[in-house]
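Please walk through the model below with a viewer open. Each stop gives a selection to make and what is found there.

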Amino acid sequence: MPELPEVEAVRRELAPVLEGAHVSRVVLRRGNLRRPFPIEFERRIGGATVRRLTRRAKYLLAELSSNDTLIMHLGMSGSFRVEPADHTPEPHDHVIFELSSGRTVVFNDPRRFGVMDLVPSAGAAEWPALADLGPEPLSAEFDAATLARVCARSKRALKVALLDQHVVAGLGNIYASEALHLARLSPRLRAAAIATRNGAPKPAARRLAAAIKTVLERAIARQADYNDASRFRVYDRAGQRCRRRGCAGKIKRIVQAGRSTFYCPVCQRT
DNA sequence: ATTGAGACCTGTCGGC
DNA sequence: TGCCGACAGGTCTCAA
């Protein structure tokens, strides 16, 4: 379940287990995920201590005492479990990090769209996918002005633009729809429609930038005391009633750039 | 330069 | 029950 809030939840769960922990052994149960594992992956991590576990967009970054950084992405179906040392592997358990604490961190990924790579920490920010990322949506760096600027000359639909990690880093298919609903903006609007000609933000851009932050913050907070999976505003609710107060619309599903978009045609008219 | 389509994988679910 | 297509939270590459 990996968009920014889910990755952040994973980080918060793993940080206490990994930070300061000594990795006694790494076991690969296959040679690749979306791409092959880097050369000497197990040997280069084995023996190191994890200094910090951080997140950038949907990536997890484990800084190691060896001055390498382990870059991880969960793809569509990746997940981590913390297990006792003697656990029996389950199907699709691909990477096992054995810690000298006696615990084991297991990476499981049925579809194998995940990624792991190991790079010198000094150059981690230049790792191709990381270097191209747009602003972190919960940082002060991301606001209506930055959003308006990157949308300025784009002819694609607003929803499609929100999925572009160069526009804003960490939104995925669920929270793009959710943010647009909160901001009362149609997913089919051209992206450029929220910016004025000189690139200054319109009220729509302000609403959208604020909605993105709100939606992500709420999702992160919900994960913290994780219980019932989701009460989405629109995602996966085709045919059901719009949850906005006073709106009698029915949620609609459309396909944009090959991906499902959910929205309310009544309150997300522009 | 942008943009959309297809590819990469496996699992699940609904319809016939 | 079984088979088959559609679809799933994400990138990446290729060709208009």
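In which strand does N108 lie? Select strand 7, residues 103–108, and N108 is there. The model is a predicted one, so the distances quoted on this tour are computed from predicted coordinates.

**Stop 1: N108**

Keep N108 selected and show its surroundings. N108 has a relative accessibility of 10% and therefore counts as buried. Its side chain reaches the backbone oxygen of P91 at 2.8 Å. Leaving aside neighbours within four places in sequence, the residues in contact with N108 are S77, G78, S79, R81, P91, H92 and D93. One of these contacts, H92, leads to the next selection.

**Stop 2: DNA strand B**

Select DNA strand B and the residues around it: H92, P110, R111, R112, F113, R153, S154, K155 and R156. By type, this surface divides into 2 nonpolar, 2 polar and 5 charged residues. Sugar or phosphate holds 60% of the strand B atoms that lie within 4 Å of the protein, and the rest belong to bases.

Three side chains can be picked out here:

- H92 has a side-chain N or O atom 2.6 Å from a phosphate oxygen of DNA strand B.
- R111 places a side-chain N or O atom 2.8 Å from a base oxygen of DNA strand B.
- S154 has a side-chain N or O atom 3.5 Å from a phosphate oxygen of DNA strand B.

**Stop 3: DNA strand C**

Now select DNA strand C. How many residues surround it? There are 21, and the closest are R34, K58, H73, Y235 and S260. The surface near strand C divides into 7 nonpolar, 6 polar and 8 charged residues. Of the atoms of DNA strand C within 4 Å of the protein, 63% are in sugar and phosphate.

Zoom in on R34 and H73 in turn. A side-chain N or O atom of R34 is 2.6 Å from a phosphate oxygen of DNA strand C. For H73, the distance from a side-chain N or O atom to a phosphate oxygen of that strand is 2.7 Å. Then move to E6, where a polar side-chain atom lies 3.4 Å from a base nitrogen of DNA strand C.

Among the secondary structure elements, helix 6 and strand 10 (259–263) each supply at least two residues of the surface near DNA strand C.

**Stop 4: helix 6**

Select helix 6, residues 173–182. Is this helix enclosed or open? Helix 6 is largely enclosed by the rest of the structure, because 9 of its 10 residues are buried. The buried residues are N173, I174, Y175, A176, S177, E178, A179, L180 and H181. Just after the helix, R184 takes a positive phi of about 60°.

**Stop 5: the nonpolar cores**

Next, select the residues of the largest nonpolar core that touch the most other members: L147, L158, L162, Y175, I194, L208 and I212. The core has 34 residues. Helix 4 (144–151), helix 5 (158–163), helix 6 and helix 7 (203–224) each supply at least two of its residues. Helix 7 gives the most, with 10 residues.

Centre the view on L208. Not counting residues up to four places away in sequence, L208 touches L147, L158, L162, A179, L180, A183, L185 and I194. Apart from this core lies another, of 29 residues, among them V7, V10, L18 and A62. In soluble globular proteins, nonpolar side chains tend to be buried together.

**Stop 6: P135**

Select P135, in the loop between helix 3 (128–131) and helix 4. P135 counts as buried because its relative accessibility is 15%, under the 20% cut-off. Its contacts, apart from residues up to four places away in sequence, are R56, E141, F142, H166, V167, V168 and A169. P135 and V167 are 32 residues apart in sequence, and their C-alpha atoms are 7.3 Å apart.

**Stop 7: cysteines**

Finally, select C247 and C267. How many disulfides does a search of the whole structure find? The search finds 0. C247 is in no disulfide, and its nearest cysteine sulfur, that of C264, is 3.7 Å away. C247 is buried, with a relative accessible area of 6%.

Why is C267 not bonded to C242? The sulfur of C267 is 3.7 Å from that of C242, its closest cysteine sulfur, which is too far for a bond. C267 is at 13% relative accessibility and so counts as buried.

Conventions:
Residues are numbered from 1 along each chain as its sequence is written. Chains are lettered from A and ligands numbered from 1 in the order in which they are written. This is a predicted model: local features need pLDDT of at least 70, side-chain atom pairs count only at pLDDT 80 or more; totals for chains, interfaces and linings use all residues. Side-chain values use heavy atoms; hydrogens and water are left out. A nonpolar core is a set of buried Ala, Val, Leu, Ile, Met, Phe, Trp, Tyr and Cys residues joined through side-chain atoms within 4.5 Å. Buried means under 20% relative accessible area, exposed over 50%, partly exposed in between (1.4 Å probe, protein chains only). Helices (H or I, at least four residues) and strands (E, at least two) are DSSP runs, numbered from the N terminus. Contact means heavy atoms within 4.5 Å. A residue is near a molecule or strand if one of its heavy atoms lies within 4 Å of it. A polar contact is a pair of N or O atoms within 3.5 Å; within protein, one must be able to donate a hydrogen and the other to accept it, and residues adjacent in sequence count only if both atoms are side-chain atoms. Ala, Val, Leu, Ile, Met, Phe, Trp, Tyr, Cys and Pro count as nonpolar, Asp, Glu, Lys and Arg as charged, and the others, Gly among them, as polar. A disulfide is a pair of cysteine sulfur atoms within 2.5 Å.
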